[in-house]
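Let's walk through this model together, one group of residues at a time. Have the sequence and the 3D view at hand as you read.

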Amino acid sequence: MTRNRRRLGAWLLAGVVLAVVLTLYDADRTGVSDPKAAPSATPTGAAPATVPATGGTPSPSATPPPPPSAGAGGPSPAPSATTCTSPGACGYPDANSTGPRIGLERHDTGNLSVKKDGTVIKGWDIRGSLDIYADDVTVIDSRITSTNWWGINLRPGFSGLKVLHTTITAVPGKGPDNGGVNYAVSNMGGSSIEVGWCDISVFGNALSMGQGDLHDNYVHDLVAFRNQGGEWQHTDAVISGGGNKGRLTVRHNTLLNATPVDKGATAAVGLFADTGVVSSVIVEDNWLAGGAYALYGGGPGATGIRVTGNVFSTQYHPASGAYGPVTAWNAGGAGNVWKDNRMSDGRPVEPAP
């Protein structure tokens with residue numbers, strides 16, 4: 001009898017232990033460890049934090065500072081989800097996607113005058129400059145280090161110049177105009193030229209022309225200088241003086257002007273009516289930064305100006321240019337279009353009325 005009671009007690013105790021274990025196991029499955037009961041600080045699938053580009057290496061911040069105004073007065077619109085941190089990271093040209101693709105041979109040319117139609121200069125490391133008095137000249141996969149006031153200059157009456165995959169720079173402090181290295185590529189001819197995939201630096205007005213096809217170039221590190229009159233020379237990554245007969249297309253370039261305003265900074269793209277009315281210009285899908293304003297839009301008489309899909313970067317100034325992203329825009333000009341332009345943190349950019 002005693003043995004039977006002990007056996008029954010043992011079975012009851014085992015049953016109690018089993019019931020407790022089952023209860024704890026069920027609680028663990030249905031409540032205590034359920035992710036819904038204690039959400040993580042960073043839920044799975046959440047987008048990473050982003051900040052506007054400000055130069056240097058950006059640091060993610062849980063609470064980024066309030067964005068500056070991108071337009072002309074009034075409160076800033078809320079940033080969009082699209083943020084660009086640097087030209088290369090956002091698909092725009094930089095040092096890795098421009099310049100020569102082959103080995104170069106040194107040529108100490110001085111100021112070389114090219115007078116044979118169809119000349120092709122390829123694989124040259126030029127210490128000097130090129131003065132073009134011929135049609136259909138091509139400069140490709142080369143490097144030019146100039147001590148003149150230009151790198152490549154197309155003279156009036158000639159056409160068909162192509163400058164591709166070439167580095168064009170200068171020696172600061174050299175040149176006839178008190179170190180006035182003004183134009184990396186100057187189009188004095190009366191027809192369009194092509195400049196593409198070029199790495200351009202130092203020259204105060206890097207790409208100067210009324211008509212041309214400027215695409216996939218990286219313009220950077222412009223150098224401020226005083227002219228012979230002692231005044232700071234104006235600096236622009238792209239400059240056009242108006243009065244052009246053909247079309248100027250500025251598409252998918254990185255155009256940087258870090259020059260301080262008190263040392264002559266004007267624009268990343270400067271469309272000015274200096275020699276005539278500005279007309280028939282496309283400024284599309286570029287990365288623009290710096291200058292007094294990043295873009296000068298041609299002024300009151302400008303017509304046929306299309307500015308679309310550009311990124312106005314804050315890497316030098318909170319408003320892209322020191323005073324704002326754009327000025328001198330003629331909203332009422334025939335054929336003028338302003339569309340889908342934004343700051344590098346995603347805020348839309350609209351010109352002043």
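A good place to begin is R101, which has a relative accessibility of 53% and therefore counts as exposed; here buried means under 20% relative accessible area, exposed means over 50%, and partly exposed lies in between, with a 1.4 Å probe and protein chains only. R101 forms a salt bridge with D141, and the closest N and O atoms are 2.8 Å apart. The term salt bridge stands for a side-chain nitrogen of Lys or Arg within 4 Å of a carboxyl oxygen of Asp or Glu. D141 belongs to the loop between β4 (138-140) and β5 (143-146), while R101 sits in the loop between α1 (2-32) and β1 (105-114), so this pair ties together parts that are 40 residues apart in sequence. Unlike exposed R101, D141 is buried, with a relative accessible area of 2%. The helices and strands named here are DSSP runs numbered from the N terminus, with helices being H or I of at least four residues and strands E of at least two.

Before going further, a word on what you are looking at. This is a predicted model, in which local features need pLDDT of at least 70 and side-chain atom pairs count only at pLDDT 80 or more, while totals for chains, interfaces and linings use all residues. Residues are numbered from 1 along each chain as its sequence is written, and side-chain values use heavy atoms, with hydrogens and water left out.

How confident is the predictor? The protein chain averages a pLDDT of 81, and 75% of the residues score at least 70; pLDDT is the predictor's confidence in each residue, from 0 to 100. Over residues 1-5 the pLDDT is below 50, and this stretch has zero contacts in the model beyond near neighbours in sequence, a contact being heavy atoms within 4.5 Å. Residues 16-81 also have a pLDDT under 50, and for them the model has 54 contacts beyond four places in sequence. Where pLDDT is low, the predicted coordinates should not be read in detail.

Now to the sheet. Nine strands form an open sheet with parallel pairing, in the order β2-β4-β7-β10-β13-β16-β19-β22-β25; two strands pair if DSSP finds at least two bridges between them. Its edge strands are β2 (120-122) and β25 (337-339), each of which pairs on one side only. Neighbouring strands of the sheet are turned by 5 degrees against each other on average, direction ignored. The axes behind such angles are lines fitted to C-alpha atoms, and angles run from 0 to 180 degrees between N-to-C directions. At the β25 edge, three bridges join this strand to β22 (residues 303-308), and the two run parallel. R306 has V337 in β25 as its bridge partner.

Back to charged side chains: how many salt bridges does the structure hold? There are six. Besides the pair of R101 and D141, another one joins D131 and R155 at 2.9 Å, N to O. This pair links distant parts of the chain, with D131 in strand β3 (residues 124-132) and R155 in the loop between β6 (150-154) and β7 (162-164), 24 residues apart. Both D131 and R155 are buried. R127 and D125 form a further salt bridge, with their closest N and O atoms 3.2 Å apart. R127 is partly exposed at 34% relative accessibility, whereas D125 is buried at 13%.

Aromatic rings come next. The structure holds nine aromatic pairs, where rings of Phe, Tyr and Trp (its six-membered ring) pair if their centres lie within 6.5 Å, and planes under 30 degrees apart count as stacked, over 60 as edge-to-face and the rest as tilted. The rings of F272 and Y296 have centres 5.1 Å apart and planes at 50 degrees, so this pair is tilted. F272 lies in the loop between β18 and β19 and Y296 in strand β21 (residues 293-297), so the pair ties together parts 24 residues apart in sequence. F272 is buried at 16% relative accessible area, and Y296 is buried at 17%. Ring pairs link F272, Y293, Y296 and Y323 into a cluster.

Finally, look at A273, in the loop between β18 (265-271) and β19 (279-284). A273 is partly exposed, at 48% relative accessibility. Leaving aside neighbours within four places in sequence, A273 is in contact with G241, V278 and G298. The C-alpha atoms of A273 and G299 are separated by 6.9 Å, although these residues are 26 apart along the chain.
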